[in-house]
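Student: I have a model open on my screen and would like a close look at a single part of it. Could you walk me through one strand and its surroundings?

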Amino acid sequence: MSVAVALFTRDLRVHDNPALTAAARAADQVVPLFVVDEALVPDRCPPNRAHFLAAALAELDTALRDRGGALVVRRGSVIDEVARVVDETGATSVHLADDVSYYSGKRERALRERLGGAVHCHAGSVTATSTELAPSTGRDHFAVFTPYFRRWIEVHRRSPLPVPRALSVPSVGSDPVPTGSDLSSGEPSPELTVGGETTARALLDDWLDGPIDHYARDNDDLGADATSRLSAHLHFGCLSPTEVVRRVDATTEGGLAFARQLAWRDFHHQVLAARPDAAWSDYRRRAPLGPADDRVFADWRDGRTGYPIVDAAMRQLRAEGWLPGRARLIAASFLTKSLRQDWRLGARHFLHWLVDADVANNQLNWQWAAGTGTDTRPNRVLNPVRQADRYDPDGTYVRRWLPELAHLPGARIHRPWRENVDPATYPEPIIDCVGR
């Protein structure tokens, strides 16, 4: 019987999975393979992503078993383990999702060097639109989001692929599905939520069943917590971005606003595909930074800046491993524009804690906030107090994360320096952003 390998990477699902579908069509039997890369775990794998990954793998294994298969887990070098499975089963093809990070590119090249033409990469697994969507100017990528989005919203997309009805897996050795503790030596955020494809599809159904209708109005309202919370599921591929976009009604105000956020993911992926150095180098030149200041960075990192909206964001990050987009922008702008610290410091901190952080979106969002990225107004500064007044007008969000200020009524919570708050309870502002 013929055998194909479906190598799962950032596509941990059975619905609309081009790599899995191609493997099932190519052979009588399929090895659904996930390799725990010992170069990354446990010491280099952030704990929040490790625990989410473990839960996603468990749900993937269940979905595969429901169809007669099972997830095959190996631990070691990805290249060596894939080659070993090919040798053990006589597999004639290996299928995996296309991706744009340096790590994924290196992995693909090494697989092709080892296995040659047997390796097949499939687009449309990680993003809703291929990175081949290019501007008419002849450049290799769109550098500005708005013209990209105009093309993105109109582009033809394939229909979601059906789930394989049944899978036959050849006899091959497997390690147990790992736990979060197997994958990381660190402690996860205490309020981290985890899940996989089954969880993600239920969340998506609930989101599309009503809350999305108010997204355009409420998505930046920090107190309302009115975002989809699907980002981690998209990052790990528990949801197909193509399927999500196809299911969103972009003719409605809320649907179009949500589709716009999905487009930002694809926009950043096509930028990074064209400019891989942007993961850690400035995409555009900028004004000189201030001197590096470890104390200032530590106060920002630990939520002790004296600006409640910033500190609330940093505390939520630690507690949940997640932040709404508006809170990310406020925190990033404050570190880079107000405190004039290098964006790479903040990006590294977010990469450690955010469960949904990938290189394309995390790094390029940080560069956007720092004025080194694709923002057409690179000198814009998000004043933390004005942002608080606009996006948390009654202080609900800050009150949720800064209980020591909960006694301050309404918007007064955003200016504790006017309320005779003891600095031992909550610090004075680290810098003056408002001309107090």
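Tutor: Happily; here is a walk along strand S1 and its neighbours. First, the ground rules: this is a predicted model, so local features need pLDDT of at least 70 and side-chain atom pairs count only at pLDDT 80 or more, while totals for chains, interfaces and linings use all residues. Residues are numbered from 1 along each chain as its sequence is written, and side-chain values use heavy atoms, with hydrogens and water left out.

Let us begin with the setting. UniProt, in an unreviewed entry, lists residues 2–127 as "domain: Photolyase/cryptochrome alpha/beta"; such positions are given in the numbering used here, feature names are shortened, and annotations may be inferred rather than shown by experiment. That span is 43% helix and 22% strand, and its end C-alpha atoms lie 30 Å apart. Helices (H or I, at least four residues) and strands (E, at least two) are DSSP runs, numbered from the N terminus.

Now to S1 itself, residues 3–7. Five of its five residues are buried, so the strand is largely enclosed by the rest of the structure. Buried means under 20% relative accessible area, exposed over 50%, and partly exposed in between (1.4 Å probe, protein chains only). In a regular strand the side chains alternate between the two faces of the sheet. Here, Val 3, Val 5 and Leu 7 point one way, while Ala 4 and Ala 6 point the other.

S1 has two strand partners to look at. With S2 it pairs in the parallel sense over five bridges, and Ala 4 stands opposite Val 30 there. Three bridges join S1 to strand S4 (residues 93–97), also running parallel; Ala 6 has His 95 as its bridge partner in S4. Two strands pair if DSSP finds at least two bridges between them.

Next, look at Gln 29, which lies in strand S2 (residues 29–37). Gln 29 is buried, with a relative accessible area of 13%. Beyond its neighbours within four places in sequence, its contacts (heavy atoms within 4.5 Å) include Val 3 and Ala 4 of S1, as well as Pro 170. Gln 29 and Pro 170 are 141 residues apart in sequence, yet 6.3 Å apart in space, C-alpha to C-alpha.

Finally, find Thr 89 in helix H3 (residues 78–89). Thr 89 is buried too, at 15% relative accessible area. Not counting residues up to four places away in sequence, Thr 89 touches Val 3, Val 31, Pro 170 and Val 172. Its side chain also reaches the backbone oxygen of Val 85 at 2.8 Å.

Technical notes: Polar contact = N/O pair within 3.5 Å; in protein donor to acceptor, adjacent residues only side chain to side chain.
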